[in-house]
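These are my notebook entries on one structure, written down in the order in which I looked things up.

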Amino acid sequence: MENPAIFWRVTLWILFWGAVGGVVTPRVYARKDKDISQAGLAGAAIGAALGPIGLIPLWIRTPKLTGRLIVLAGLMVIGIFVAAFALADPNNLCVANGGFVVSQLTNGIVIGIIYGLMALGLTLIFSILGVVSFAHGEFYMIGGMVAYFLSVSPFYKELRKSAEALAENTGGILAFVNYVFPPLILLLSACIVTFVIGVIFERLFLREMNQGKVERPGEYAILVTFGLAFFLQYFTQALTSANPVKAQRFWDFPRVKIPEESGDILKMTAGNITVLREISIPNPRFTAAVIAVVMLGILMWFLYRTWTGKALRAVSQDRQAAAVTGINPDNMNTLAFGMGAMLAGLSGASLVQVFSWLPQVGIPAAARSFVIIVLGGMGSLPGAFIGGLIVGLVEAAGTGCIPDTTRAAAYIPAYGMIILTLVLLLKPTGLFGREL
Amino acid sequence: MLRTRKTLWLLSLLAILILALAACAPAAEQVGEPAAEQPAQEEAAPAQEAKEEAPAEEAKPEEASMEPIKIGALAPLSAPGAVVGGEAMRDAMNIAADEINAAGGILGRPMELIIVDTEGLPEKGTAVAEKLINQDGVVAIGGGYHSSVGVAVKEVTHDNHVPIVFAEPWNDTITSVMYPEVFRIAPLNSEVSAVDVKFIIWLRDVAGADINKVVLLTENTDYGIPAAEETTRLLGEADIDAVTFSVDIGTQDFSGIIERVKAEEPDMIMVLATGEASYNFEQQAADAGIGPQDVPMLCNQVSLVSDAFWTNVPDGNYCFVRRVGLPVQLYNDVAKNFLAQYKERTGKEAAESYALEAYDSIKIIAQAIEEAGSTDADAIIEALENIEYTGALGTITFPINSKNPPDKAGVDPKWWHQFPEPAITIVQYQEEGQDSNDTTVVFPETYATGDPIIVGQE
């Protein structure tokens, strides 16, 4: 960094006025008997963005604190921070190399989408059952294991051959079968296995808790899901050994170049897609992100357009009222736990072609999911998805922009934690959490 | 009634799960059990008969004399440790134990090898070493893979005055602290770095590769950080720029780092991250167009586990890999015999360097106890200092010791209780799916079996 003084002065300014705004604003609003639910966050954002120039009028006029105001102030803070960074380190790749910035942003979005899918399952379980599943990472691991072992089985190899033959025999009309059908089998298998394990576990261990037959349900849920996590991890290790495995990519991209000569706009090889010569996404990662987006769409359709989905949401909002309308909350609990486990399993199945897979692979993934759902707001589905994107982007920005290469990647687990700490300080319910 | 049925059902399910676990866990049992099994039982049989015939009081000294001598062994058998390495070491150490017991045990007593899982974590390594010493009562410890674990465990063995022969940890400080109990047959980190850099300079100056900038991907451990620092220093002396990227052990997603590595436009990449992290990086780099087929890459030594390597890094052809120990063509009889048993036990075609080291670490302890004629720690240490053991790695001695300390010998303290001559070669995968046994030895020229294929050169 060429001019670290600029960067650190601006950072200290942001932190100082952010802290002043975050602490004083709720008190000013409370004294004037106004809504203080957003006061901490809004005060911190406005203070960090404008310092005393913004805070003094805010405290005098105490306007209504809308989400738009907070977002605007937040964007200003990011803008000031980025400008300070650019002035302090003009040769940094994140400042001087536009292609690099776009690539890192793309990486962040792609991995953020995948994080979001993983966290969605966890937040779905929490919103319906009120339980934080500590076995979520293990469902993720099992999804990947199921997909891997099926992918190397003779059955799957035969299936691929048949799909290829069908695609060839139909002269390309059913070419998509070759691409879509075999991987779909892997994903569906992972979904079914994790869903079934989730349903069985809920019926055996959580139903009695939800029926009020367990004395200390909070502690019971933590212990029993921890127990499940250990059991699944070591049971899998006993079955599969602790050696890492990795599935081959689900399909090869067709070779495409636009324009035909240079491929400057789009260039696809079997294992990579390059857009505008700068944005490069490896096939497995792209595939996993597409699966996550499709699954998110299906989940949203299910939750908002079907009776069962609406019933799930109803139970998450008011269990007793939902029961009065004829919804069986116990069945919804079972369904939610199964679906949550299934979403984790699906994430795992889509990522087993990206990462080496071990029985312990779910531990960091689960830890990240906990960060995401607290960041997004416990029980909030959009919050989980947005939280995933934020964590993905922050990790990409941190890894890409921190000048010291010996630290940039080593701090990956810390980036999400920093954001989480800030959000918890300013908005303890998370970005999209329900106000208490 | 319903509750009773449900309870019964739950109990039945639990029983089935426990049975399934028990049935599926041979590997876990193998770790802790005496490796002697067949041979030990055969050897012990006459003593057993005598014991049955003799009156109870008279049997006591007999029983005591047939008490197994317990030797501990460290290996990373679960993540985030390098599991592929740990499992190879476990198999190798079990072969050593079987051989020792088949040959009559140690001091006429059977040997019991207790292998514990360090998970590649210093805190776990410390805990299992404490257990080995204070609960299991081992007289010496062998094995060990991760440097960070070695650095921590050496303190435990020193505090408890139990000799240890480290098989694979490379960190220089393990021996440079000059603890009487600590011996090592693995190479020193600084020596390995020196070989790596000599290889890179050779690639540039002799093989004609254009290498001006090297990116090092290292793990944040007592192995990775010193190795990267020493390599950077030595590369600097050869006018080669080095940029180091550090990651946590067990890192999975390298996408952000790979973009930065790409932006550095390196002429060569070195992977100083062990275990699964190395596989993840190598394949993700290949996916991003800077893999072993695009840029010369010195992959991590776990790449020598061919099956795991090709499963996890299908685009890993042309990886250079550092191998500790002689090339197969130059194996001595001990190594050939070990390889045959290793193949039979594991189905693998080649033995990894850490398997050879692990095997030797147990056998050298057994020979030291035999020569000491006692399981007393001081006697074993003295025997190790004077030992001349011919093993799979060659003839092992520890010439810098209490009688010839570093200051008297005029060498750095890192050579204390250190096997001075482990052979280090660089091999290259030159065909997809190739077994590590069949890889081409490219460096040093003395051992070379072929020329390197240098990718990415215009």
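Which residue in β3(A) does A:Lys267 stand opposite? I looked along the strand and found that A:Lys267 stands opposite A:Thr274. I noted at the outset that this is a predicted model, with an ipTM of 0.84 and a pTM of 0.81.

**Entry on the sheet of chain A.** I then followed the pairing outwards from there, and saw that β2 (residues 266-269) of chain A and β3(A) run antiparallel and are joined by four bridges. Strand β3 (residues 272-275) of chain A also pairs with β4(A), again in the antiparallel sense and over four bridges, and here A:Ile273 has A:Ile281 in β4(A) as its bridge partner. Between these two strands the hairpin has three residues, and I wrote down that A:Leu276 takes a positive phi near 55°. Taken as a whole, the sheet is open and has four strands in the order β1-β2-β3-β4 (chain A), with antiparallel pairing. Because β1 (256-258) and β4 of chain A each have a single partner strand, they stand at the edges, and one side of each is left without a neighbour in the sheet. Ignoring direction, I noted an average turn of 10° between neighbouring strands of this sheet.

**Entry on the domains of chain A.** I found chain A divided into domain 1 (4-90) and domain 2, which takes in 98-251 + 283-412. Taken over C-alpha atoms, the centres of these two domains of chain A are separated by 36 Å.

**Entry on the contact between the chains.** How many residues does each chain bring to the contact? I noted 40 residues from chain A and 38 residues from chain B. On the side of chain A, the elements that give two or more residues include α10 (217-240), β4 (279-282) and α11 (283-305), while the largest share, five residues, comes from α6(A). The residues on this side of chain A divide into 19 nonpolar, 17 polar and four charged.

**Entry on chain B.** I counted chain B as 17 helices and 14 strands, and found that 57% of its 458 residues are buried. Among its contacts between residues at least 6 apart in sequence, 68% join residues at least 24 apart. The mean pLDDT of chain B is 84, and 86% of its residues reach 70 or more. Over residues 21-60 of chain B, however, the pLDDT is below 50, although this stretch has 47 contacts in the model beyond near neighbours in sequence. I added a caution for myself, that predicted coordinates should not be read in detail where pLDDT is low.

How values were computed
Residues numbered from 1 in each chain as written. Chains lettered and ligands numbered in written order. Predicted model: local features only at pLDDT ≥ 70, side-chain atom pairs only at ≥ 80, totals over all residues. Contact = placed C-beta atoms within 7 Å. Nonpolar A, V, L, I, M, F, W, Y, C, P; charged D, E, K, R; others polar. Domains from an automatic or database assignment. pLDDT = per-residue confidence, 0-100. Pairing = 2+ DSSP bridges. Buried ≥ 20, exposed ≤ 12 C-beta atoms within 10 Å, placed from the backbone. Axes fitted to C-alpha atoms, helices over the stretch in contact; angles between N-to-C directions.
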